[in-house]
Amino acid sequence: MSSTRRITINPVTRLEGHARIEIFLDAEGEVENAYFQVPELRGFEHFCVGRPVEEMPYITARLCGVCPAAHHLAAAKAVDAVFGVEPPSAAKKLRELMYMAHFVHSHIAHFYVLAAPDFVCGPDCDPAQRNILGLLARVSEEMGSAAVARRAEAQEAQALLGGRATHMAWCLPGGVSKGLSEADRARLEAWAVREVDFAQKSLELFQTAVLANPEYRQMILSDPYRLEAYDMGTVDAGGKVNFYEGQIRVTAPSGGEAYRYDAKDYLDHLAERVESWTYLKFPYLKKVGWKGYVGGADSGLYRATPLSRLNAADGMATPGAQAAYEAFYGALGGKPVHATLATHWARLIELLYAAERWLELARDPEITSNDIRVMPRAKPGEGIGSVEAPRGTLTHHYTTDEKGLLTSVNLLVGTTNNYAAMAVSIRMAARSLIHRGVEVTEGICNRIEMAFRAYDPCMSCATHSLPGQMPMLVTVRDAQGTPVQVFAR
Amino acid sequence: MKVQVLGLGNPLLADDAAGIRVAQALERRALNEGFEVDWTEAGGMDLVDALIGYDAVLLVDAMLSDQSAGTLCVLEAGDIPAGQRPSGAHEADLGRAMSVARRLGLKTPLIRILAIAAENLSDFGTPLTPAVEAAIGPAAQMALELARDLRERVLNAGEGHGEQAVGLQRLTLPPAGFENVCGGPGNERRGHA
């Protein structure tokens, strides 16, 4: 039996999704392997079977308090398909408008609460300071206040359109239940102007606080945080990033299109790997095949993140975001970019795109149209709906009987796409940072966490679990398994 | 003056529905006494939006702990075992969210938490476990008393009640006939039997 010692990064949370990182060291003190584990929450599909399919946009939104809008829309699109109905143009635009507000809300939260403290405060900073409060102290109260205000307005915009912010009651088969008045359109436009300005300022902050620092720039581009893998994202007819609809495009690690398909054909392209040590399944590209936890052109491992969406697309559909996209690839040596930590930058480019698209839609003459629903007439059957969730491509797949009662439900959620990639990224970071004789400090554990934090993982829906935070307890054990260091997060 | 009772949880996820069930159980009585009652699945920074504007808020939530299922615990915001930062999933914990709000100049309410020890937070579509179900009525009664106490404190403190430590000794907790109350942090201050 080999002699190993184990380092566990463990949650101490009570209600929220539990997850932990296990790092196994060999007898030499080097990292042998690393695992990212999440627990099981049971019975969601079973709970849904037998229910009317039109309830799914409301039920699935309760899978998770973090991205309810994504589930609401993926479910709505799947339900449209079940009934064979195409919503009118104005309804699609309204849905997309609400979704842009959701993206703005989600990406602001990730950058300012989760990502920026690592860079602005520093990865080795005292964890008591390495948080949003420390961030506010170092950047400016004005920027912090703006982040809170813009985020709150994005939340209010979702409520204005969807009826409720967190769990909207809005989408119906073939459209939406409520249109947009001119007064509310004007409010949405005014908010969008501020969101665009804030997104541009956030990109400037990233430039000055992160990219201008040679140490951070080197860290972003360093090998431990680099994973060459396939990239996935939804693109419109012109190949530009689209969050609401389009085709799924997969590009190879060397760049260039590998696959492009309609979401309804996802089972032709994706398969799921089951492991005994975790409840999550690992999706991979079926035609490339599962080759284990490795990147490269021969491995079906892929990523579906903001960085992946940029890599998989030919550009952005709005002017400011396109300029930021060009600056991104210009600074990082061209496409594709495989630096995992560059995902934070890509996320801010997406923030700008979402804000600009929000503004475009708020100014669209059709957005206040009353033609917002086509009544479904066809007999229900099977339907697949897909959107880009903030954390990756989200697919809902339902089948029903002829009365529209669900007979099967399959969800492939955003974070799940990246599960294998996260495991590899954690292992790579751990192997580069932990060596014999090196004390495993809190800063080292944080740098390992940074490898998966870039993916913005949300175990809430990946495990069909509760929303919320994932505080961590880092336990370092010696060769006998005895804890020798504990870091409370 | 505005005092809110806010039930937290997921109504589809077994015992996690407990906070929402308690808020629904006391809704009419609380409204009659001038309290606001609501329930939400939000957490972290989203919760700030639900709390700002109130003088005091009683949060009611399910809790995983070493207490037996159905045990009621009264906590202050500082009793929550909060992380120093969220590491992977979204949002911030309650304490950090409120710190951010205060830092940005928002007036935060006086907060108490009525926690109900849960047994099952894993199975979608299942009812409350029997012990948690049995605690809903007593929890609703306790929540009403806590809301009254919060209102009295705010009235007595006037402006600037802030985060001052306050005891709960004037409460007559737990409700008669219900003794399944934990002795967690801060609970020694309570005058229960």
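This is a conversation about how to read a predicted model with chains A and B.

Trainee: Where do I start with this model?

Mentor: Start with how it is labelled: residues are numbered from 1 along each chain as its sequence is written, while chains are lettered from A and ligands numbered from 1 in the order in which they are written. This is a predicted model, in which local features need pLDDT of at least 70, side-chain atom pairs count only at pLDDT 80 or more, and totals for chains, interfaces and linings use all residues.

Trainee: What is the mean pLDDT of chain A, and what is it for chain B?

Mentor: First the idea: pLDDT is the predictor's confidence in each residue, from 0 to 100. For chain A the mean is 86, with 87% of its residues at 70 or more. For chain B the mean is 76, and 73% of its residues reach 70 or more. The model as a whole scores ipTM 0.71 and pTM 0.85.

Trainee: Over which residues of chain A does pLDDT stay under 50?

Mentor: The general advice is that where pLDDT is low, the predicted coordinates should not be read in detail. In chain A, pLDDT stays under 50 over residues 8–18 and again over residues 461–474. Chain B has such stretches too, at residues 81–90 and at residues 160–173. The model gives residues 160–173 of chain B 23 contacts beyond four places in sequence, where a contact means that the C-beta atoms of two residues, placed from the backbone, lie within 7 Å.

Trainee: Which elements make up chain B?

Mentor: Helices (H or I, at least four residues) and strands (E, at least two) are DSSP runs, numbered from the N terminus. Chain B has 4 helices and 5 strands, and from the N terminus on they run β-α-β-α-β-β-α-β-α. Of these elements, β1(B) has the highest mean pLDDT, 94, and helix α3 (residues 94–103) of chain B the lowest, 75.

Trainee: Is strand β3 of chain B mostly covered or uncovered?

Mentor: Let me define burial before I answer. A residue is buried if 20 or more other C-beta atoms lie within 10 Å of its own, exposed if 12 or fewer, and partly exposed in between, with C-beta atoms placed from the backbone. Strand β3 (residues 56–63) of chain B is mostly covered, with 8 of its 8 residues buried. One side holds Ala56(B), Leu58(B), Val60(B) and Ala62(B), the other Val57(B), Leu59(B), Asp61(B) and Met63(B), and all are buried. Over the whole of chain B, buried residues make up 54% of the 193 residues.

Trainee: Which strands pair with β3(B)?

Mentor: Strands of a sheet pair through backbone hydrogen bonds, either parallel or antiparallel. Here, two strands pair if DSSP finds at least two bridges between them. β1(B) and β3(B) pair in the parallel sense over 5 bridges, and Val3(B) stands opposite Ala56(B). Strand β5 (residues 110–117) of chain B also pairs with β3(B) in the parallel sense, over 8 bridges; there, Met63(B) has Ala117(B) as its bridge partner.

Trainee: What is the strand order in the open sheet of chain A?

Mentor: That sheet has 3 strands in the order β12-β13-β14, with antiparallel pairing. β12 (382–389) and β14 (406–412) of chain A stand at the edges with a single partner strand each, so one side of each is left without a neighbour in the sheet. β12(A) pairs with strand β13 (residues 392–400) of chain A over 8 bridges, and Glu388(A) stands opposite Thr393(A).

Trainee: Which backbone details stand out?

Mentor: Most residues other than glycine have a negative phi, and most peptide bonds are trans. In chain B, Ala14(B) has a positive phi, near 45°. Ala14(B) lies in the loop between β1 (3–8) and α1 (18–32) of chain B, and counts as buried because it has 25 C-beta neighbours inside 10 Å. In chain A, the peptide bond from Lys335(A) to Pro336(A) is cis, with omega near -10°. Pro336(A) is in the loop between α11 (319–331) and α12 (343–362) of chain A.
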